[in-house]
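Could you take me through this model, one selection at a time? I have the viewer open and would like to know what to click on next.

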Amino acid sequence: MNIYQKKVLSLIKNNKKTYCLIAPSFPIDFKYPNIINALKKLGFSKVTELTFGARMTNYYYIKYIKENPNQKYYITSPCPTVNTLIKNRYPKLEKYLLKYDSPLIATAKIIKKHNPNYKIVFISPCKAKRILETDNNNIVDETITFKELQEIFDYKKIDINKLNKKRKFNSYIREYTKIYPISGGLSKTSKISKLFKKNEILITEGIKENIEILDKINNNKTNYRFIDILNCKGGCIGGPDIINNKISNKKKANIIKKYRKISSRESIKTIMGKKKLALNINFKTK
Ligand code: SF4
């Protein structure tokens, strides 16, 4: 067990109220609904996805673009690696970054507001989320990766394959944003094509490709205006801490889409509106 795994186990042991947030790429590594059962067996009181937070991220991106229609470029990314790359290597472009919370932080803020006594643990497909995002705030208490979670299941002898009882996530769900971890998921779910011409939208992923386009923007050498950018090939489904990383990104994307279909069919009747859930929460970042 590493320090983060130990911290999560002690947090569960010492707190009756714990909320687990799992990244939307989870179906690549963990069966649904087995994962909800396994996390509850581990001791979490509540388990949910980031889908409602993704809705809020989209909502504020679109609102910002509509209110600032003449901005030259709009760079959007829930990826902390991309945000850090832009801040460090392209300071001139920082003004084009849309500064709103990622689906993770947006969801965590909503949960903290409605469940102030709960400790929050995030399960992530990459360590960058921990190093660059959650370690620097006091909203998410601990973060571990998919690989680290599986090691905890092994250590605690929790066999997820045997835990197939039907169970639903605890609220905060919007089905349509479940494709967010696939490259282009942000653009698709926010219906960005209604605001820009096709040739103004660029969906990009991968370090080399991202540097190429950021160089062009930096030198005013592109006609793209809306840039949806993620660090990993394929998007977060290509995250380095995904266990089943040998599967092709196409197959991974299909797993996510299939999961969205199945989970939608099982209809979660706990969807609540933006006004009820997110009233008076500030989703703006610095
Ligand atoms: S998995 Fe990759 S694209 Fe997703 S947040 Fe982590 S580094 Fe960024």
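Here is a short tour of one helix and a group of strands.

Before you start, keep in mind that this is a predicted model.

**Stop one: helix α3.** Select residues 51-67, the 17 residues of α3. From its first C-alpha to its last, the helix reaches 24 Å, close to the 24 Å expected at 1.5 Å a residue. Now colour the buried positions of α3: Thr-51, Phe-52, Gly-53, Ala-54, Arg-55, Met-56, Thr-57, Asn-58 and Tyr-61. What covers these buried residues? Bring up β3 (74-76), α5 (103-114), α8 (185-189) and α11 (274-278), which are included in that cover.

**Stop two: strand β4.** Next, select residues 119-124. Six of the six residues of β4 are buried, so the strand is largely enclosed by the rest of the structure. Turn the view to compare its faces: Lys-119, Val-121 and Ile-123 are buried on one side, and Ile-120, Phe-122 and Ser-124 are buried on the other.

**Stop three: the neighbours of β4.** Add β1 (residues 18-22), which runs parallel to β4 and is joined to it by five bridges. To find your place in this pairing, look for Ile-22, which stands opposite Ile-123 of β4. Then add β5 (residues 142-145), also parallel to β4, with four bridges between the two. Here Val-121 has Glu-142 of β5 as its bridge partner.

**Last stop: the crossover.** Follow the chain out of β4, through helix α6 (residues 127-134) and into β5. This β-α-β crossover is right-handed.

Note on methods:
Residues are numbered from 1 along each chain as its sequence is written. This is a predicted model: local features need pLDDT of at least 70, side-chain atom pairs count only at pLDDT 80 or more; totals for chains, interfaces and linings use all residues. The expected span of a helix is 1.5 Å times one less than its number of residues. A residue is buried if 20 or more other C-beta atoms lie within 10 Å of its own, exposed if 12 or fewer, and partly exposed in between; C-beta atoms are placed from the backbone. Two residues are in contact if their C-beta atoms, placed from the backbone, lie within 7 Å. Two strands pair if DSSP finds at least two bridges between them. A crossover is right-handed if, with the strands pointing away from the viewer, the path from the first strand over the helix to the second runs clockwise.
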